[in-house]
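I set out to record what I looked up in this structure. The entries are kept brief for a reader who has not met it before.

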Amino acid sequence: MPNPLKMTNSVTLAMQSKDRKKAAAWYQDVLGCELLYDAEEIGWCELSTPLEGVNVGFSDVERPKTGAGPVPTFDVADLDKARAQMDSKDVRFDGDTQTIPGLAKLATFFDPDGNALMLSQSLMQS
């Protein structure tokens, strides 16, 4: 596949937060991310996710704009187990898990700032 921009094998999902340190702690506790660095002078921190090459970063803003734009979706082996674990941490979900027979199970959830994220489990036979 052509790569005219010479992109590397990594992506950072940049998100807004009222409190990047609180957001970072939530992402560490709930999603198993690890803090890479916190640049206090610019109000930015970045974490690695359990997925190689995928990071998430937070910039401090007074009023985060949420609800629009891409929804980071994390594939899991067993959505029901993952959701139960997140429920034990009082994660807010957007209704019930949706099941699309033969395709996927999907569950939308929110971080402390209201950013939408999603869990996905493939139901496609390989």
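The entries below go from the whole chain to a sheet and then to a surface patch.

Entry 1, the whole chain. I noted at the outset that this is a predicted model. I counted two helices and nine strands in the chain. Along the sequence, I read the pattern β-α-β-β-β-β-α-β-β-β-β. I found that the C-alpha atoms fill a box of roughly 50 × 45 × 25 Å along the principal axes. Of the 126 residues, 37% count as buried. The chain exposes about 8,300 Å², and carbon and sulfur atoms supply 52% of that area.

Entry 2, the sheet. I looked up in which order the four strands of the open sheet lie. The order is 1-4-3-2, with mixed pairing. Strand 1 (11–17) and strand 2 (34–39) stand at the edges with a single partner strand each, so one side of each has no neighbour in the sheet. From one strand to the next, the twist averages 20°. I then examined strand 3 (residues 44–48) and strand 4 (residues 54–60), which run antiparallel and are joined by five bridges. Ser48 has Asn55 in strand 4 as its bridge partner. Helix 1 (residues 20–31) packs on this sheet and touches strand 1, strand 2, strand 3 and strand 4. I recorded an angle of about 5° between the direction of helix 1 and that of strand 3.

Entry 3, the surface. I asked which residues form a nonpolar patch there. They are Ile100, Leu103 and Met124, with about 270 Å² of accessible area together. I located Ile100 in strand 7 (residues 98–100). Ile100 is partly exposed, because its relative accessible area is 35%.

Note on methods. Residues numbered from 1 in each chain as written. Predicted model: local features only at pLDDT ≥ 70, side-chain atom pairs only at ≥ 80, totals over all residues. Heavy atoms only, no water. Pairing = 2+ DSSP bridges. Axes fitted to C-alpha atoms, helices over the stretch in contact; angles between N-to-C directions. Contact = heavy atoms within 4.5 Å. Patch = residues over 30% accessible without salt bridge, like charges linked within 9 Å, V, L, I, M, F, W, Y side chains within 5 Å. Areas by Shrake-Rupley, 256 points an atom, 1.4 Å probe, with all protein chains shown as cover. Salt bridge = Lys/Arg side-chain N within 4 Å of Asp/Glu carboxyl O. Buried < 20%, exposed > 50% of the residue type's maximum accessible area, 1.4 Å probe, protein only.
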